[in-house]
Amino acid sequence: MIPFLNLRAQVDELRAELDAAIARVLHSGVYILGPEVESFEAEWAAFCEARHCVGVGNGLDALTLSLLAMGIGEGDEVIVPSNTYIATWLAVSHCGAKPIPVEPIEETSNIDPEKIERAITSRTRAVIAVHLYGQPAHLAPILEITRRHGIRLLEDAAQAHGARYQSRRIGAHGDAVAWSFYPGKNLGALGDAGAVTTDDEQIAGAVRILRNYGSHRKYVNSRLGFNSRLDPIQAAVLRVKLKHLDEWNQRRRVLAHAYGRALDGLALQLPEVIENVEPVWHLYAIRSTKRDLLQQTLERAGIGTLIHYPIPPHLQEAYASLGLSNGSLPIAERLAQQVLSLPISPHHDPELPAAVGAALRPAL
Ligand SMILES: *Cc1c(COP(=O)(O)O)cnc(C)c1O
């Protein structure tokens, strides 16, 4: 069986460097925040072309603390994509605000700027743009809208480590950018980890306080904070993996191009790349009305696939209280029934796309 993702292969490739980095933390005697976290923050900010980086516990907290740092709370509305991973919505709910779903452009699966404009009300305080599957959202038109309305733009970049929009890295196009370093992401820790990058000193300062009990000085608390600090062992691991990120993203790109060639001409929709972006192919999601058959066909051929995501947030029990029934967000619902993620990672064989194409051809 060719697994959808083999995290062990990543560790095996970097084993000696990882062992040395972890040993360095063990030896340091510093196990909360400290120099390892500070070094990663400086290196990640530089990589992302952002002025500030604050390491936090995970991607959901990166989103939640960013919204709180922007002053968002009870009674506010935040626009979110209808077809994202539920964390994007949960961050809004955990601030006491209301997620307002907006449908994506079908070809890119990223939030539709025209529909954002129509969803803005007097209560709207922010938009969260998700760079889904590793392709940057349509940031220029979104920024034009958020600036004109005096609202904030938060980017959910949990799938976009190293991606570029108009030649500049994802990292500080919007007011703040939330990162997840969940192990399966393009830059993944060996456990939970996250970060916020921003050019805004006030947002960075607020997240820095919020992640550490609302404290700016030990035992002095200015805000109702959280405990969500990036772990120094994870920071050390991330510093090792960051050195390989561009090369590992390049391997993903090679696979994506090979999929494009191998699946060309089949009755499927392949992912479309917009102009002026450099995606990093966190996922390679095809679309088909015969999705379940295709998944079974690949399973029988020994190739693992996944669905991102089978149930959109508005149809989850957790969001029953919003009263958004089946049929209310047709694009998100259609995507949930049609998308299929093919295996793509730095450790998959570049010959795999040809095998996927050969297995799928008779089924289409
Ligand atoms: C992974 C992911 C998150 C959540 O990150 P965690 O570190 O698991 O909390 C948020 N948004 C998107 C789009 C993701 O893919």
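How many nonpolar, polar and charged residues make up the shell around the ligand? By class, the shell has seven nonpolar, four polar and two charged residues. For that count, Ala, Val, Leu, Ile, Met, Phe, Trp, Tyr, Cys and Pro are nonpolar, Asp, Glu, Lys and Arg are charged, and the others, Gly among them, are polar.

Before you click on, some ground rules. This is a predicted model, where local features need pLDDT of at least 70, side-chain atom pairs count only at pLDDT 80 or more, and totals for chains, interfaces and linings use all residues. Residues are numbered from 1 along each chain as its sequence is written, and side-chain values use heavy atoms, with hydrogens and water left out.

**Stop 1: the ligand**

Select the ligand and show what is around it. You should get 13 surrounding residues, and the closest are Gly59, Asp156, Gln159, Ser180 and Lys185. A residue is near the ligand if one of its heavy atoms lies within 4 Å of it.

Now look at three polar contacts. The term covers a pair of N or O atoms within 3.5 Å; within protein, one must be able to donate a hydrogen and the other to accept it, and residues adjacent in sequence count only if both atoms are side-chain atoms.

- Gly59: a backbone N or O atom lies 2.8 Å from a ligand oxygen.
- Asp156: an N or O atom in the side chain is 2.8 Å from a ligand nitrogen.
- Ser180: a polar side-chain atom sits 2.6 Å from an oxygen atom of the ligand.

How much of the ligand does the protein bury? Taken alone, the ligand exposes 380 Å², and 91% of that is buried by the protein. These areas come from the Shrake-Rupley method with a 1.4 Å probe; for residues, only the protein chains shown count as cover.

Switch to a surface view if you like: the space taken by the ligand is the largest pocket. On a 1 Å grid over the protein atoms alone, a pocket is an open set of points with protein on both sides within 12 Å along at least five of seven lines. A molecule sits in one if more than half of its atoms lie within 2 Å of its grid points.

**Stop 2: Ser228 and Glu144**

Go to Ser228, in the loop between β11 and α8. Helices (H or I, at least four residues) and strands (E, at least two) are DSSP runs, numbered from the N terminus. Is Ser228 buried or exposed? Ser228 counts as buried because its relative accessibility is 3%, and buried means under 20%, exposed over 50% and partly exposed in between (1.4 Å probe, protein chains only). Show side chains and you'll find a polar contact of 2.6 Å between Ser228 and Asp61.

From Ser228, jump to Glu144 in helix α6 (residues 139–149). The two are 84 residues apart in sequence and 33 Å apart in space, C-alpha to C-alpha. Glu144 is partly exposed at 41% relative accessible area, and its side chain makes a polar contact of 2.7 Å with that of Arg148.

**Stop 3: Asp76**

Next, pick Asp76 in the loop between α3 (59–69) and β2 (77–81). With a relative accessible area of 13%, Asp76 is buried. The side chains of Asp76 and Arg125 are joined by a polar contact of 3.0 Å.

**Stop 4: backbone oddities**

Most residues other than glycine have a negative phi, and most peptide bonds are trans. Select Tyr133 and Tyr219 for the phi side of that.

Tyr133 has a positive phi of about 65° and sits in the loop between β4 (124–130) and α6. Tyr133 is buried, at 12% relative accessibility. Tyr219 has a positive phi of about 70°, in the loop between β10 (215–217) and β11 (220–221). Tyr219 is exposed, with a relative accessible area of 73%.

For the peptide bond, go to His308 and Tyr309: they are joined by a cis bond, with omega about 10°. Tyr309 is in the loop between α9 (291–300) and α10 (330–338).

**Stop 5: partners from far along the chain**

Finish with Tyr31, in the loop between α1 (7–28) and α2 (35–48). Tyr31 is partly exposed, at 45% relative accessibility. Add Asp231 to the selection: 200 residues separate the pair in sequence, yet their C-alpha atoms are 7.3 Å apart.

Then try Ser39, in helix α2, which is partly exposed at 25%. The C-alpha atoms of Ser39 and Ala235 are separated by 8.2 Å, with the two positions 196 residues apart along the chain.

Key. On a 1 Å grid over the protein atoms alone, a cavity is a set of points where a 1.4 Å probe fits but cannot get out, and a pocket is an open set with protein on both sides within 12 Å along at least five of seven lines; lining residues have an atom within 4 Å of a point.
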